[in-house]
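Work through these exercises with the coordinates open. Try each task before reading its solution.

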Amino acid sequence: MIPATRKQKNDPAPATVAEWQRELAMAIRDAGELRSLLDLPGDAAGDAGFPVRVPRGYAARMRRGDPHDPLLAQVLPSAAEGREVPGFGPDPVGDRAAMIRPGVLHKYHGRVLLVTTGACGIHCRYCFRREFPYADANPRPDDWQAAIDYIAGDDSIEEVILSGGDPLSLSDHKLAGLVERIEAIPHVGTLRIHTRLPVVLPERVDDALCDWLSGTRLATVVVLHANHGNEIDASVGAAAARLRATGAMVLNQAVLLRGVNDKVQAMAELSRRLFAAGVLPYYLHMLDPVRGAAQFETGSEEARRLMAGVAALLPGYLVPRLVVEQAGRPGKTPLAHDWSGCRDGMTTPTLDSAGGPSTP
Ligand SMILES: *Cc1c(COP(=O)(O)O)cnc(C)c1O
Ligand code: SF4
């Protein structure tokens, strides 16, 4: 039963619409509305062609009155997006060239990535796919035949990664159908899902999702995407617990973002909150230089010092691997910790809040 107060004017038939789809349909789509919800005066910047989308539950985790809130910074368009910055282009990681079939990226040995949809539950301003031509990637969204044939024809493919966009923005009916076809390929043993929805809209992890996820013969890995500890509240913890209860391994990947998580304490806190939710940090990605995202960039020297600071505070299993995606390489490229800002032994790192060595 849907409470009467939730009813919206244009509600489709409730029988066919899941609660999470209802929530998603009510997402904030206007920067001005977001600012006023957070008591932030002033005008909103234009969206540079990438529209605002923020689930209301995610906005509720932002601090009111704080224009520098780390969650807000990920989703609010800024004037800086309109700037052209050398080195920041439309296809930073060479995905267009790597697309072997519509929607199929096979860059690394043993695993293929399927671009299942261009849709996401939230629009992150730094997104490396913000300029991606999804229409070309996926001409007929419900026809996976070319992808299935490709995977079936290459028995070195052991793992299929559902990505996007956000694969969990598809209905469970579509996903269950796709997974059934992947399962039928004998050499595939693992299904991986790259998704931000359980973080930004934890309602997405409902019974229908858990049913097909726990029912598959495939080993399952769910890689979440949270960038800041404040994104992980009790509802996200509960969603992660439901995912784990299906038997899935639950990991997190984050993107290193200036002004969001580029401080030792913020990064350490993200790992601690993930752990408390039963999630292990997997990767910390350097920002892909996509047009419109230069304001989030952190240099690799700074990143390597930052992660040394994190590694000096936490057990190894809570330290994500700092990696950069470089076109043409057979895997993500790791960046080593730079310990030069840390003292020897067990002393607290001397790194300042910016991740660099503090000035004496
Ligand atoms: C990142 C990525 C993967 C997954 O790499 P892992 O190191 O296994 O996490 C697979 N395919 C493509 C195209 C990717 O970009
Ligand atoms: S959820 Fe992921 S794919 Fe979607 S906009 Fe954010 S970073 Fe991009």
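The exercises below cover two ligand sites and a few single residues in a predicted model.

**Exercise 1. The shell of ligand 1**

Task: List the residues around ligand 1 and sort them by class.

Solution:
- Step 1. Collect the neighbours. They are Leu105, Lys107, Tyr108, Arg111, Leu113, Ile161, Arg192, Tyr282, Tyr283, Glu325 and Lys332.
- Step 2. Sort them. Six are nonpolar, none is polar and five are charged. Tyr counts as nonpolar here, and Lys, Arg and Glu count as charged.
- Step 3. Map the shell onto secondary structure. Strand E2 (104–108) gives three residues, the largest share.

**Exercise 2. Polar contacts and burial of ligand 1**

Task: Find side chains that place a polar atom close to an oxygen of ligand 1, and state how much of the ligand the protein buries.

Solution:
- Step 1. Apply the cut-off. A polar contact needs a pair of N or O atoms within 3.5 Å.
- Step 2. Check Tyr283. One of its polar side-chain atoms is 2.6 Å from a ligand 1 oxygen.
- Step 3. Check Arg192. A side-chain N or O atom lies 2.7 Å from an oxygen of ligand 1.
- Step 4. Check Lys332. The distance from a polar side-chain atom to a ligand 1 oxygen is 2.9 Å.
- Step 5. Turn to area. Ligand 1 on its own exposes 390 Å², and the protein buries 91% of that.
- Step 6. Locate the site. Ligand 1 sits in the largest pocket. Strands E2 (104–108), E3 (111–115) and E8 (280–285) each give two or more residues to its shell.

**Exercise 3. The shell of ligand 2**

Task: Which residues surround ligand 2, and where does ligand 2 sit?

Solution:
- Step 1. Read off the shell. It holds Cys120, Ile122, Cys124, Cys127, Gly165, Arg196 and His225.
- Step 2. Assign classes. Four residues are nonpolar, two are polar and one is charged. Cys counts as nonpolar and Gly as polar.
- Step 3. Place the ligand. Ligand 2 sits in the largest pocket.
- Step 4. Look again at Gly165. This shell residue lies in the loop between strand E4 (159–163) and helix H8 (172–183).
- Step 5. Check its backbone. The peptide bond joining Gly164 and Gly165 is cis, with omega about 15°.

**Exercise 4. Thr333 and Arg61**

Task: Decide whether Thr333 and Arg61 are buried or exposed, then find a polar contact for each side chain.

Solution:
- Step 1. Set the threshold. Buried means under 20% relative accessible area.
- Step 2. Thr333 has 15%, so it is buried. It belongs to strand E10 (residues 333–334).
- Step 3. Follow the Thr333 side chain. It makes a polar contact with the Arg329 side chain at 3.0 Å. Another goes to the side chain of Gln326, at 3.2 Å.
- Step 4. Arg61 has 11%, so it is buried too. Its place is the loop between helix H3 (56–59) and helix H4 (72–75).
- Step 5. Follow the Arg61 side chain. It reaches the backbone oxygen of Gly57 at 3.5 Å.

**Exercise 5. Contacts across the sequence**

Task: How far apart are the C-alpha atoms of Pro281 and Pro320, and those of Ala97 and Gly328?

Solution:
- Step 1. Take Pro281, in strand E8. Its relative accessible area is 12%, so it counts as buried.
- Step 2. Pair it with Pro320. The two are 39 residues apart along the chain, and their C-alpha atoms are separated by 5.0 Å.
- Step 3. Take Ala97, in helix H5 (residues 95–98). Its relative accessibility is 73%, so it counts as exposed.
- Step 4. Pair it with Gly328. The chain separation is 231 residues, and the C-alpha atoms are 9.9 Å apart.

**Exercise 6. Positive phi outside glycine**

Task: What are the phi values of Asp39 and Ala48, and where do these residues lie?

Solution:
- Step 1. Read the angles. Asp39 has a positive phi of about 60° and is not a glycine. Phi of Ala48, also a residue other than glycine, is positive and near 50°.
- Step 2. Place them. Asp39 is in the loop between helix H2 (31–37) and H3. Ala48 is in the loop between H2 and H3.
- Step 3. Grade exposure. Asp39 has 46% relative accessibility, so it counts as partly exposed. Ala48 has 48% and is partly exposed.

Technical notes. Residues are numbered from 1 along each chain as its sequence is written. Chains are lettered from A and ligands numbered from 1 in the order in which they are written. This is a predicted model: local features need pLDDT of at least 70, side-chain atom pairs count only at pLDDT 80 or more; totals for chains, interfaces and linings use all residues. Side-chain values use heavy atoms; hydrogens and water are left out. A residue is near a molecule or strand if one of its heavy atoms lies within 4 Å of it. On a 1 Å grid over the protein atoms alone, a cavity is a set of points where a 1.4 Å probe fits but cannot get out, and a pocket is an open set with protein on both sides within 12 Å along at least five of seven lines; lining residues have an atom within 4 Å of a point. A molecule sits in a cavity or pocket if more than half of its atoms lie within 2 Å of its grid points. A polar contact is a pair of N or O atoms within 3.5 Å; within protein, one must be able to donate a hydrogen and the other to accept it, and residues adjacent in sequence count only if both atoms are side-chain atoms. Accessible areas come from the Shrake-Rupley method with a 1.4 Å probe; for residues, only the protein chains shown count as cover. Helices (H or I, at least four residues) and strands (E, at least two) are DSSP runs, numbered from the N terminus. Buried means under 20% relative accessible area, exposed over 50%, partly exposed in between (1.4 Å probe, protein chains only).
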